[in-house]
Amino acid sequence: MTRTDGPVAIVTGGAQGIGEAVVRRLHRDGATVASLDIDGDRATASATAIDPDQPPLALACDIRDAKQVEQATSQVLELHGRVDVLVNNAGVAAYFDAVTMTEDDWDDVFAVDLKATWLCARAVLPGMRAQGSGAIVNVSSIHSRMTLAGAFPYAAAKAGVLGLTRSLALDNGPYGIRVNAVCPGYTRTVLVQQWLDTQPNPRETAAAVDEVHALGRIGEPDEIAATIAFLASDDASFVTGAELLVDGGLSARFAS
Ligand SMILES: NC(=O)c1ccc[n+]([C@@H]2O[C@H](COP(=O)([O-])OP(=O)(O)OC[C@H]3O[C@@H](n4cnc5c(N)ncnc54)[C@H](O)[C@@H]3O)[C@@H](O)[C@H]2O)c1
């Protein structure tokens with residue numbers, strides 16, 4: 001069921017972490033939200049937990065697959081008639097060595113972290129152009145600006161998302177469509193926990209990570225979701241082609 005007056009939004013990777021927080025936030029703000037995730041069961045469980053009475057729509061979709069993206073988008077269009085907001089959130093971390101990484105590994109990382117951003121935009125842009133409005137928010141990363149040893153080639157993919165954001169903003173601004181990027185720093189999700197688990201002493205590393213932030217802590221998914229909700233909303237009506245760093249002051253300092 002379409003919710004009265006609110007926008008219709010698609011969020012990728014909506015089953016957990018930042019994506020789940022975005023689904024929850026947009027739903028709370030009155031949007032009709034479709035949560036797309038490769039893990040359809042988890043997306044359904046998450047949507048039901050967000051609102052057992054009127055859950056967001058959960059759709060199983062592997063965003064690496066153009067056909068699945070088109071099908072999921074068509075389903076949303078059939079049900080609700082329009083898409084006003086796309087949040088390209090789904091992403092995967094990468095911890096490869098440039099010498100031992102295979103081409104298949106490379107293609108896999110870029111398929112989710114970069115190509116799918118275009119595939120999802122491609123699916124919603126015709127409708128947005130026809131209606132003369134729309135907002136796309138791409139989730140990049142602080143890795144687009146500065147990165148960590150061993151996180152190859154995540155930084156390259158996330159920097160690519162910024163280039164894609166600028167091009168999409170320029171080419172679609174004349175249609176009334178805004179396209180922006182959010183660059184989260186460390187955010188408390190499974191993705192960060194998995195990285196911590198690769199460290200020799202995860203507890204010590206977690207404490208050291210907290211310490212390098214101006215705010216003395218890492219971010220919460222709801223804090224990233226709030227920024228994404230702003231960029232998706234009419235409050236950001238003159239913001240396009242922008243990248244918003246949300247990192248608790250991490251990048252404000254250099255090592256001393
Ligand atoms: N957590 C952080 O510290 C952090 C920092 C900067 C940027 N980011 C970015 O934020 C986004 C969300 O990160 P997170 O920490 O919430 O990650 P997460 O791993 O907790 O959640 C990612 C979600 O995306 C889904 N997904 C993965 N591959 C998919 C595919 N092919 N098709 C559809 N869904 C897929 C997963 O099933 C999962 O539900 C990612 O783009 C990530 O790169 C995260």
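The paragraphs below lead through a predicted model, from its sheet to the helices, the ligand shell and two loop residues.

The sheet is a convenient place to start. Seven strands form an open sheet in the order β3-β2-β1-β4-β5-β6-β7, and their pairing is parallel. At the edges stand β3 (57-60) and β7 (243-246), and because each has a single partner strand, one side of each is left without a neighbour in the sheet. Direction ignored, neighbouring strands of this sheet are turned by 20 degrees against each other on average. Strands of a sheet pair through backbone hydrogen bonds, in either a parallel or an antiparallel sense. Within the present sheet, strand β1 (residues 8-12) pairs with strand β4 (residues 85-88) in the parallel sense over 3 bridges, and Ile10 has Leu86 as its bridge partner in β4. Farther along the strand order, β5 and β6 also pair in the parallel sense, over 6 bridges, with Val179 of β6 as the bridge partner of Ile136.

Strand β6 deserves a closer look. In a regular strand the side chains alternate between the two faces of the sheet. From β6, Ile177, Val179, Ala181 and Cys183 point one way, whereas Arg178, Asn180, Val182 and Pro184 point the other way, and all of them are buried. The strand is accordingly described as mostly covered, with 8 of its 8 residues buried.

Helices lie across these strands. Helix α1 lies across β1, β2 (32-37), β4, β5 (134-139) and β6 (177-184), and runs at about 170 degrees to β1. Helix α5 (residues 154-172), for its part, lies across β5, β6 and β7, running at about 165 degrees to β6. The loop between β5 and α5 contains Pro153, which is joined to Phe152 by a cis peptide bond with an omega of about -5 degrees.

Another helix pair can be described through its own geometry. Helix α3 (residues 66-80) packs with helix α4 (residues 103-131) at an angle of about 35 degrees, their axes being 9 Å apart, and the crossing in which α3 passes α4 is right-handed. On the α3 side the contact is made by Ala66, Val69, Glu70, Thr73 and Leu77, and on the α4 side by Leu119, Cys120, Ala123, Val124 and Gly127. Divided by class, this contact of α3 with α4 has 7 nonpolar, 2 polar and 1 charged residues.

The ligand has 29 residues around it, of which Gly13, Gly17, Gly91, Thr189 and Leu191 come nearest. Two elements, α1 (17-28) and α6 (190-197), give two or more residues to the shell around the ligand; α1 is also the helix that lies across β1. By class, the residues of this shell divide into 15 nonpolar, 10 polar and 4 charged.

The loop between α6 and α7 (202-211) is the place of Pro200, and Thr198 lies in that loop between α6 and α7 as well. Pro200 counts as exposed because it has 6 C-beta neighbours inside 10 Å, and Thr198, with 11 other C-beta atoms within 10 Å, is likewise exposed, since the limit for an exposed residue is 12 or fewer. Measuring from C-alpha to C-alpha, Pro200 and Asp113 are 27 Å apart in space and 87 residues apart in sequence, while Thr198 and Val239 are 38 Å apart in space and 41 residues apart in sequence.

How values were computed:
Residues numbered from 1 in each chain as written. Predicted model: local features only at pLDDT ≥ 70, side-chain atom pairs only at ≥ 80, totals over all residues. Near = placed C-beta within 6 Å. Helix = DSSP H or I, 4+ residues; strand = E, 2+ residues; numbered from the N terminus. Nonpolar A, V, L, I, M, F, W, Y, C, P; charged D, E, K, R; others polar. Pairing = 2+ DSSP bridges. Axes fitted to C-alpha atoms, helices over the stretch in contact; angles between N-to-C directions. Contact = placed C-beta atoms within 7 Å. Left-handed = near helix turned anticlockwise from the far one by under 90°. Buried ≥ 20, exposed ≤ 12 C-beta atoms within 10 Å, placed from the backbone.
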